[in-house]
Amino acid sequence: MESRLIADSLVAAFDPSVVAGLDLYTVHQWSIQPKMQIALRNESRSIYRTIGVDGMVRWMNALDWFIERGFVDEIGPYGERWGNYDAIFTRRR
């Protein structure tokens with residue numbers, strides 16, 4: 001899946017496990033506008049990475065991956081968006 005880093009944001013300490021676990025590659029621009037986007041917050045609660053997801057199977061797999069590893073979706077399961085994001089994950093402390 002494609003992902004983008006937010007300029008001037010501090011990358012989270014857990015980022016390497018996210019990149020490896022979801023097989024992400026970082027791009028400067030989306031190759032196509034993703035249907036769904038996931039945002040990740042770093043330890044200071046700033047959004048530092050966005051992940052573009054196309055397709056419901058990849059979407060559900062990504063959500064499951066985060067939840068199984070102790071992340072919390074700030075938006076929740078009700079399908080509402082916040083800005084461009086369909087899910088915003090924060091790591092539990």
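The following exercises, each with a worked solution, deal with the fold and selected residues of one predicted model.

Residues count from 1 along each chain as its sequence is written, and side-chain values use heavy atoms, with hydrogens and water left out. Because the model is predicted, local features need pLDDT of at least 70 and side-chain atom pairs count only at pLDDT 80 or more, while totals for chains, interfaces and linings use all residues.

**Exercise 1. Overall form**

Task: State the secondary structure of the chain and compare its radius of gyration with that of a compact globule.

Solution. Step one is the list of elements: the chain has two helices and six strands. Helices (H or I, at least four residues) and strands (E, at least two) are DSSP runs, numbered from the N terminus. In sequence order the pattern is β-α-β-β-β-α-β-β.

Step two is size. The radius of gyration is taken over C-alpha atoms, and the globule rule is 2.2 Å times the number of residues to the power 0.38. For 93 residues a compact globule would come near 12 Å, and the chain has 12 Å, so the two agree. Along the principal axes, the C-alpha atoms fill a box of roughly 30 × 30 × 25 Å.

Step three is burial: 43% of the 93 residues count as buried. Buried means under 20% relative accessible area, exposed over 50%, and partly exposed in between (1.4 Å probe, protein chains only).

**Exercise 2. The sheet**

Task: Give the strand order of the sheet and name its edge strands.

Solution. Two strands pair if DSSP finds at least two bridges between them. Strands of a sheet pair through backbone hydrogen bonds, either parallel or antiparallel. Here the order in an open sheet of six strands is β2-β1-β4-β3-β6-β5, and the pairing is mixed. The edges are β2 (25–26) and β5 (71–73), each of which pairs on one side only.

Next, go through some of the pairs:

- β1 (residues 2–5) and β2 are parallel, with two bridges; S3 stands opposite T26 in β2.
- β3 and β4 are antiparallel, with six bridges; Q37 has G52 in β4 as its bridge partner.
- β3 and β6 run parallel and are joined by three bridges; L40 has F89 in β6 as its bridge partner.

**Exercise 3. Strand β3**

Task: Decide whether β3 is enclosed or open to the outside, and say what each face shows.

Solution. Count first: six of the six residues of β3 are buried, so the strand is largely enclosed by the rest of the structure. Then divide the residues by side. M36, I38 and L40 lie on one face and Q37, A39 and R41 on the other, and all are buried.

**Exercise 4. The largest nonpolar core**

Task: Identify the residues of the largest nonpolar core that touch the most other members, and the element that gives the most to this core.

Solution. A nonpolar core is a set of buried Ala, Val, Leu, Ile, Met, Phe, Trp, Tyr and Cys residues joined through side-chain atoms within 4.5 Å. The largest has 20 residues, of which V18, L22, I38, I51, F66 and F89 touch the most other members. At least two residues each come from β3 (36–41), β4 (47–53), α2 (56–68) and β6 (87–91). The most come from α2, which gives five.

For one member, F89, list the contacts (heavy atoms within 4.5 Å). Beyond its neighbours within four places in sequence, F89 meets residues including I38, L40, L63, F66 and V72.

**Exercise 5. Four residues compared**

Task: Assign T50, K35, D8 and R45 to buried, partly exposed or exposed.

Solution. Take each residue with its place in the chain.

- T50 is in strand β4. Its relative accessible area is 5%, so T50 is buried. Not counting residues up to four places away in sequence, its contacts include W30, I38 and Y85.
- K35 is in the loop between β2 and β3. Its relative accessible area is 64%, so K35 is exposed. With the sequence neighbours up to four places away left out, K35 touches V53, D54 and D86.
- D8 lies in the loop between β1 and α1 (15–21). At 82% relative accessibility, D8 is exposed. D8 also has a positive phi of about 65 degrees, although it is not a glycine.
- R45 lies in the loop between β3 and β4. At 43% relative accessibility, R45 is partly exposed. Its phi is positive, near 70 degrees, in a residue other than glycine.
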